[in-house]
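Q: I have a structure open and would like to go through it with you. Can we start with one residue and work outwards?

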Amino acid sequence: MSDDSFIREVNEEIRREQAQALWDRFGPAILGIAILIVLGTAAVVGYRYWDESRANRSGDAFSAALKLANDGKRDEAIAALDQLEKDGYGAYPLLARMRAATVKADKGDVDGAVKDFDEVAADNAIPAGIRDIARLRAALLLVDHGSYADVSSRIEALTADTNPLRHSAREALGLAAWKDGKSADALKLFDQISSDEAAPRNVRQRAQLMSELIRGSGNAS
């Protein structure tokens, strides 16, 4: 045996002994970490599947309820939406809650719809933007079915210059003021919409028409 072969065999034996020593020392920990990684990956995949399955079921139930409403089966739609509000997943319970109020309004139950929107608006667990939308929806119903005070109490704060819903809020409040004989207040609100370049074109056009109507009636002061 040459010196080189002997040295190689010695080195290999030393490496084997070192590797065995390392395995004896760290092997169980490495195995434990590997098992935890596998279990963790399986848990993440399992949770994602469970999460997606629940969301898909709620989405299907919401679509079915909307179809019932579109088909004119409003009582059945409300029952389905109420059930989804109780056992739905993710954002669907809140969507069901809002949609059920709309279906009630469509079937003529304005008082019930306003009550439902008011409850959403008063629920601090719901994001502020959704609560503001619920206030606006209630106010829009009350333009025709309530008083100026009813509308104002819900959306006066939404008419501020920094509120993203200000255009619709000003329009609803302006209509309520005009209906209540407060022509000057109505004109001010419609003029605010007309002069706001950020307002949607259709809203500005309606506001301009209302401004012209009020001025033409001679009740602008």
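Q: Which residues does Val-151 touch, not counting residues up to four places away in sequence?
A: Val-151 touches Ala-139, Leu-142, Val-143, Ala-172, Leu-173 and Ala-176. Contact here means heavy atoms within 4.5 Å.

Q: What should I know about the model before reading on?
A: This is a predicted model: local features need pLDDT of at least 70, side-chain atom pairs count only at pLDDT 80 or more, and totals for chains, interfaces and linings use all residues. Residues are numbered from 1 along each chain as its sequence is written, and side-chain values use heavy atoms, with hydrogens and water left out.

Q: OK. How many helices and strands are in the protein chain?
A: The protein chain has nine helices and zero strands. Helices (H or I, at least four residues) and strands (E, at least two) are DSSP runs, numbered from the N terminus.

Q: Back to the inside. How many residues are in the largest nonpolar core?
A: The largest nonpolar core has 36 residues. A nonpolar core is a set of buried Ala, Val, Leu, Ile, Met, Phe, Trp, Tyr and Cys residues joined through side-chain atoms within 4.5 Å. Buried means under 20% relative accessible area, exposed means over 50%, and partly exposed is in between (1.4 Å probe, protein chains only).

Q: Which of them have the most contacts inside it?
A: Phe-117, Leu-141, Val-151, Ile-155 and Phe-190 have the most contacts inside this core.

Q: And which helices supply at least two residues of this core?
A: Those are α3 (92-106), α4 (110-121), α5 (128-145), α6 (148-155), α7 (166-179), α8 (183-194) and α9 (201-217). The most comes from α5, which gives seven residues.

Q: What lies apart from it?
A: Another core, of 10 residues, lies apart from it; Ala-69, Ile-78, Leu-81 and Ala-100 are among them.

Q: What share of the whole chain is buried?
A: Of the 221 residues in the protein chain, 33% are buried.

Q: And how much area does the chain expose?
A: About 13,700 Å², with carbon and sulfur atoms supplying 54% of it. Accessible areas come from the Shrake-Rupley method with a 1.4 Å probe, and for residues only the protein chains shown count as cover.

Q: Let's look at helix packing. How do the axes of α3 and α5 cross?
A: The axes of α3 and α5 come within 12 Å and cross at roughly 5 degrees. That makes α3 roughly parallel to α5. Axes are lines fitted to C-alpha atoms, for helices over the stretch in contact, and angles run from 0 to 180 degrees between N-to-C directions. Angles under 35 degrees count as roughly parallel, over 145 as roughly antiparallel, 65 to 115 as roughly perpendicular and the rest as oblique.

Q: Which residues meet there?
A: On the α3 side they are Leu-94, Met-98, Thr-102 and Ala-105, which meet Ile-130, Ile-133, Ala-134, Arg-137 and Leu-141 in α5.

Q: Is Thr-102 buried or exposed?
A: Thr-102 counts as buried, at 12% relative accessibility. Leaving aside neighbours within four places in sequence, Thr-102 is in contact with Phe-117 and Arg-137.

Q: What about Leu-94, buried or partly exposed?
A: Leu-94 counts as partly exposed, at 23% relative accessibility. Leu-94 is in contact with Val-120, Ile-126 and Ile-130, again leaving aside neighbours within four places in sequence. From Leu-94 to Ile-130 is 9.3 Å in space, C-alpha to C-alpha, and 36 residues in sequence.

Q: Val-103 is in α3 too. Which residues is Val-103 in contact with, beyond four places in sequence?
A: Val-103 is in contact with Ala-69, Arg-74, Ile-78 and Leu-81. Val-103 counts as buried, at 1% relative accessibility.

Q: New topic: how many aromatic pairs are there?
A: The count comes to one aromatic pair. Phe-62 and Tyr-92 form this tilted pair, at 5.9 Å centre to centre and 55 degrees between the planes. Rings of Phe, Tyr and Trp (its six-membered ring) pair if their centres lie within 6.5 Å; planes under 30 degrees apart count as stacked, over 60 as edge-to-face and the rest as tilted.

Q: What does that pair tie together?
A: Phe-62 lies in helix α1 (residues 3-70) and Tyr-92 in helix α3, so the pair ties together parts that are 30 residues apart in sequence. Phe-62 counts as buried at 14% relative accessibility, and Tyr-92 is partly exposed, with a relative accessible area of 24%.
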